[in-house]
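Here are my notes on this model, set out as numbered points that can be read beside the coordinates. They deal with two sheets, the helices that lie across them, and a few backbone features.

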Amino acid sequence: MSSENHSLGQIQTQNIRNSNEKIHDGNYGSYSPQYSNSIGKTSFRKHGSGRPSNFTSDSVSSSLSSLNSPKYSNPNIFYNSFKNSDPMLSPFDHKDYTTNSTTKKSFMDTVFNRKKLSKSDVFKFHENERDDDDDYELFYLNGYSNEIKVSICIKSLWENIKIPLKFKVSEAIDRIIQNKDIPGTAQDYNLYKLDRNIPGNKILLNPDEMIHNLINNGDELKLKLQNEIENVTVNIPSLKIQVSLKYNQELSIKDAIKTLQSNLKSEERYGLYNKNLGFWLDDNKLLSSYDLTDDTILELRALAEEFFIRILDVENDLKFALRALPGFSVSDILAMINNTIINRKIKHNSKNGIYGLKRKGRWMEENKTLDQFNEMKFTLHEQQECLEYQIQYEMIKVQTGDYTVHNIFVDQSTTIGDLIELMGLIDAQSEENVYQIVSPSGEHFNNDENIWKLLSEDAILENDKLLFKQAPKPITLSAPTIGKDIRLEFLLDFSEPLSVLIPYICRRFGIRFMDLDYLRMEDGIELKKELSLEEQRVKAGSRLILEIKESWSFEKPQTPVPQTPIDNNPNINIWDELSTPEQIQYTKDNLNIASATLNKLVEKLTEEKNGNIDYLSFVKTFLLTYPSFTTPAILLQKLRERYHVPLKKFKDFNEFDKMRLFIQIRVCSVLEKWTKNYNYELVNTKDGEEIKQLLLNFVEGIIAKDQWKLAKTIRKTIYRMKKKENKICEQINLSINNVPIIKGVFNYNFTNEEIAQQLTLLDFEIFQKIGPCEFLNQAWNKPDGHIKAPNILHLTSRFNSIAFWVARCILEGNDAKQRAVIMTRFIEIAQHLLQLNNYSTTMAFIAGFNKSSILRLKLTFKELSQRASKKLSLYEKLLTAEKSYHEYRESLHSSTQPCIPYIGVYLTDLTYMEDGNPNFIDNRINFTKRSLISTLIREIQQYQSIGYTLKPIKELQQLLEFPLFSEEMEKRLYDISLVREPRAQQQS
């Protein structure tokens, strides 16, 4: 015990373990007397390391001892059982394991310290509702609400609250303290926001600022008294003590370091380091600008030996340097790297893997300090060697027969055989049988296959739960009712209940589950459906008999479901619908389907013979336009029905078996095309996730058992569907007085060509997002168009905004000459737009020139040069609506891609197609109409397929993001035009 520094009062200390030494409960062992009453002064108390142990001691010791026993001597496998696991990974019980061919170490410490944060904020313009203020502000889109939802911490307690967007910060504080019955006034409190982008930091909110300018939906806030006294724990490794530092909201980091340094009686330079999050505290900031909680432990480190360590992020080929000390452990460096990754928003491919550091080709042990590695240089100015940051362990999930999901960490050398061996150690019952690893698509992996290679080839997908199953065994099944000579060979999992195997068996025989009476052995013993073949002592190679109910008869055709002559009811099974001319009609040349019921269209999609029909064109037309006559859920239902081929529809079993396979392959082919090339409805609608899950259930639960190669391909396409951001365009009225016009663009040194290029990039981005479904049923004209055709509405709104921008810019000129100069510049930009084949924005420019507020400017047009006037006339002639845009269509079809067509022409054509052709003909789907629409949509998709390779200029693009247009803006524009050129002035 010692007593020192009388200005701080009596201090008692006790030596503690080195911070790198681990003890069982993860705690240090020091304590001290009471807190000091002085701000910035220190006292000592009993404390913990701030990082509790992640091990369950009993399970670890027993697990390790069992692995080290002579029975389990494989040196390439290491098993860890951790105290906690991620509950989001699976609804089943979790255990975590590691396969590692090089070292035996703990992984969860690393995982817990490498959580990656993401931020996805959506903003829109919102008009201030106060009559006396025309300011327009940015606010978070929260279900079109006037309130914002946040979490707030008051006196260490967190709760969810709502704050009106129109409030100032001071008003929000006042509302909070009134609702929570907290003493004091708003002036007594500070409101902080936790920084989403920089973990461990918090931002003091200006009390005079508006809430919607500072806070986003879901933000975390903290309410603090301005004179509140707080405590933070600080380790001083050189003294092997831990202190409690008291501070108020005004204490700077520099002053805090001085106070702490007074205990050391040293003139060295010191810094404060956040060990948990891996960053140094900035000396120029206040201590209150950091989010210091009861769990935060800072370290006071001498900086005399400070040096910069160079890191190479191998995956991103990115280099950066970090401030470090020789006494830092590798885990400290990894925490600092993770903090850098979060701050710089660096992305990595692996979400569940563990990243490590490599030095000279060897992995660095995380519990070692840097000075324990040979020949490492620690000088500040000397060139340091570069440490490689890269993925060290990938995590995979394996599900055992009891539905427990195990998290396994595997290194680069781990094979399927190693994984099977580890799973054999976990599941004691697996010793008697041969086991294998199976993917959810039904693929059986070979023992010598490398797991990392399978991951890179997408044979194992990121969220897959691999199945640890018994290897299938052969068995013969026959069904005398169907045919005495029919015997089919099966490979079945003898550990699964018979009820799980029966649907697969029924599909192979072409009977329904309800038609099967029971299964029996050759000696007549009936098998129980709830038990497995293994439990019922059935031997591999045995013969089982299917007994079918007496009501089933092969010779007697199924009675069709009663229906009207033409019935488009989706509840009628596809195999039960009558095949008559009333159900399907062809064109006169018999080359195309004119009209048909939904069942017949799906039947043609998956038919073994298609006659003279152009099958590929038919499939494209169907998948492009199906949302106009059915839903994804009903289409999936019909494909499932079609997949289950009934034996009764064929003359004998041989014909059935041949056609069953062909039809099922066709169904899989349609599913692949649907999910790969026509998936807009699956990723952009509110029901998309539900449909994708139904698709996965169908693929993994049924197709995987019959055709695992096809199931594997379809699963890949489903998992690769990327959710496209679907921006809903809302019509918001904006004051034209607040639109940054000339000052926003023309006052910068951007060339006309650069402006044209950036306008093209912005407009193509919107054009490319338009999905095929947005063109169906005139969705853009419907009340719910903002939901069904958001990108079409976005592009048309953008078109109107650009036209308004052009007109408003022209009217900025104070006299006719100035306006003519501005107009000439727009004509030059239009020339560059046409050179880029950007007809859409060029048409918007022409629309701006032809607004009534511009056309009336006779004095301005007189000031235009002859050359500019000639160009303008040429562009207007090219884009004129005469002869149904004949000149424009000719130019468009002769253009080379990339290209942005004027979408208004397509929408007009679609309107004529929709209005001029009925959706149904005698209750049959009018497929000729869909063929016409499909041809047009495919032409649009052709222009969407190739983008521009222009370099974005972010600063210019921000200036070219315009407010949405409104009729009120048009009226105000005309008023400005009358001011610029009064009628009397024009007449004179």
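1. Two definitions come first: a residue is called buried when its relative accessible area is under 20%, exposed when it is over 50%, and partly exposed in between, with a 1.4 Å probe and protein chains only. Helices (H or I, at least four residues) and strands (E, at least two) are DSSP runs, numbered from the N terminus. The model is predicted, so that local features need pLDDT of at least 70 and side-chain atom pairs count only at pLDDT 80 or more, whereas totals for chains, interfaces and linings use all residues. Residues are numbered from 1 along each chain as its sequence is written, and side-chain values use heavy atoms, with hydrogens and water left out.

2. Strand β6, residues 147-154, has six of its eight residues buried, and it is therefore largely enclosed by the rest of the structure. Strands count as paired if DSSP finds at least two bridges between them. By that criterion β6 is joined to β7 (residues 157-164) by eight bridges in the antiparallel sense, with E147 standing opposite P164 of β7. Four bridges link β6 to β10 (residues 220-225), and these two strands run parallel; here I154 stands opposite L223 of β10.

3. The turn between β6 and β7 deserves a look at its backbone. The two strands form a hairpin with two residues between them, and K155 in the turn has a positive phi of about 55 degrees. S156, in the loop between β6 and β7, also has a positive phi, near 70 degrees, although it is not a glycine. S156 counts as exposed because its relative accessibility is 61%. As background, most residues other than glycine have a negative phi, and most peptide bonds are trans.

4. The sheet that holds this hairpin is open and has five strands in the order β7-β6-β10-β8-β9, with mixed pairing. Its edge strands are β7 and β9 (202-204), each of which pairs on one side only. From one strand to the next the twist averages 35 degrees, where axes are lines fitted to C-alpha atoms, for helices over the stretch in contact, and angles run from 0 to 180 degrees between N-to-C directions. Helix α3 (residues 169-179) lies across β6, β7, β8 (189-194) and β10, and runs at about 105 degrees to β8; contact means heavy atoms within 4.5 Å.

5. A second open sheet has four strands in the order β25-β24-β27-β26, again with mixed pairing. Because β25 and β26 stand at the edges with a single partner strand each, one side of each is left without a neighbour in the sheet. The twist averages 30 degrees from one strand to the next. β24 (residues 473-478) pairs with β25 in the antiparallel sense over six bridges, L477 having L488 of β25 as its bridge partner, while three bridges join β24 to β27 in parallel, S478 being partnered by I545 of β27. In β25 (residues 487-492), L488, F490 and L492 make up a covered face, and R487, E489 and L491 an uncovered one.

6. Which helix lies across β24, β25, β26 and β27? It is α9, which runs at about 145 degrees to β25. Helix α9 (residues 498-509) has 12 residues and reaches 16 Å from its first C-alpha to its last, close to the 16 Å expected at 1.5 Å a residue, the expected span being 1.5 Å times one less than the number of residues. Nine of the 12 residues of α9 are buried, so the helix is largely enclosed by the rest of the structure; among them are L498, Y504 and C506. G510, which follows α9, has a positive phi near 75 degrees.

7. The axes of α9 and α13 (residues 653-677) come within 9 Å and cross at roughly 115 degrees. This makes α9 roughly perpendicular to α13, given that angles under 35 degrees count as roughly parallel, over 145 as roughly antiparallel, 65 to 115 as roughly perpendicular and the rest as oblique. R507, R508 and F509 of α9 make the contact with F653, F656, D657 and R660 of α13.

8. Two further backbone features can be checked. R537, in the loop between β26 (516-521) and β27 (543-548), has a positive phi near 60 degrees and is not a glycine; at 73% relative accessibility, R537 counts as exposed. A cis peptide bond, with omega of about 5 degrees, joins Q897 and P898, and P898 is found in the loop between α26 (882-893) and α27 (903-916).
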